[in-house]
Amino acid sequence: MKQVVLLLFIFTNVLAGLAQNCKPDSLYRDSLAGVYPRPITPANPNGGITKKACINEPFDFTLTVVIPDTVTFPGVPFPVNLNYAKVDTTGAILGLPQGIKYSCNPPDCKFNARTIGCIILHGVPTSANAPGQYKPTIKLTLNNSLFGSLTIDYPGPQFPGEYILTLDEPGKCATKVNNAAIESYNWYPNPSQGILYSNDPSIQQIRLYDAMGKLIYNKNNQTNELNLSNCSGLFLVKWSMNNQDYFQKIYINP
């Protein structure tokens, strides 16, 4: 019974996060127009994307978008009335590693004046990427009283600096724990079309549970490959390794 309760608790939190909703950081509510954390600049060396990603491991990072009612442009000696800022729902953030996408709150990525919203970078960087530093740029359209709709790069000439997303090799982000209630990222790719792999050959006693906590797969022999091609949806993998138990949420989309 305790295991069922634990599984339902984990899945409740997973299902709530599947839509990749984000929550803006209220710390920036009264800040000047822009995306926060601010890009890295000589005056702001600790800004930008402060969380690294790893190949074949889930990643997410939230950027808060602040839209006041005016904005200052370089070379314009007075504040310009701002109606809204917007990014296209796809293709508006360039320079991301393959496998990383983005979503917004609000979902249409239109941020009205005098509001704050957010953009979440999320996904699993694929093995097609090379480890290194990636420098994403946001194509941001500002609708204002002076220029109409003006699309700028953020960071860019109007908002100097750069975002740096550091992508590391597999296994350099996740930390394994001995508490089965805490998730350990191990199986990849995730989401998957049905075949998952692990870099650790010592995995044993694999169990798979559906979203209701029902055991639907049980395999006791040692393996680092999991064939779930006949499954679809959200599942929880439990496995044993070195006398410790681990959980991982996986999503199968054949």
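**Close-up views of a predicted model**

**View 1. Cys-109 and its disulfide partner in the predicted model.** Cys-109 has a relative accessible area of 2%, so this residue counts as buried, the cut-off being under 20%. Its sulfur is joined to that of Cys-104 in a disulfide, with an S to S distance of 2.0 Å. Cys-104 is buried as well, at a relative accessible area of 6%. The link between Cys-104 and Cys-109 is right-handed, with 90° about the S-S bond.

**View 2. The disulfide between Cys-22 and Cys-118.** A search of the whole structure gives 2 disulfides. In the pair shown here, the sulfur atoms of Cys-22 and Cys-118 are 2.1 Å apart. Cys-22 sits in the loop between helix 1 (2-17) and strand 1 (34-36), and Cys-118 in strand 9 (residues 115-123), so the bond ties together parts that are 96 residues apart in sequence. The torsion about the S-S bond of Cys-22 and Cys-118 is about 105°, which makes this disulfide right-handed. Both cysteines, Cys-22 and Cys-118, are buried.

**View 3. Cys-231, a buried cysteine.** The relative accessible area of Cys-231 is 12%, and the cut-off for buried is under 20%.

**View 4. An open sheet of 4 strands.** The strand order is 16-15-18-19, and the pairing is antiparallel. Strand 16 (215-219) and strand 19 (244-252) are at the edges with a single partner strand each, so one side of each has no neighbour in the sheet. From one strand to the next, the twist averages 20°. Strand 15 (residues 204-209) runs antiparallel to strand 16 and is joined to it by 4 bridges. Tyr-209 has Leu-215, in strand 16, as its bridge partner.

Terms used
Residues numbered from 1 in each chain as written. Predicted model: local features only at pLDDT ≥ 70, side-chain atom pairs only at ≥ 80, totals over all residues. Heavy atoms only, no water. Pairing = 2+ DSSP bridges. Helix = DSSP H or I, 4+ residues; strand = E, 2+ residues; numbered from the N terminus. Axes fitted to C-alpha atoms, helices over the stretch in contact; angles between N-to-C directions. Disulfide = S-S within 2.5 Å. Buried < 20%, exposed > 50% of the residue type's maximum accessible area, 1.4 Å probe, protein only.
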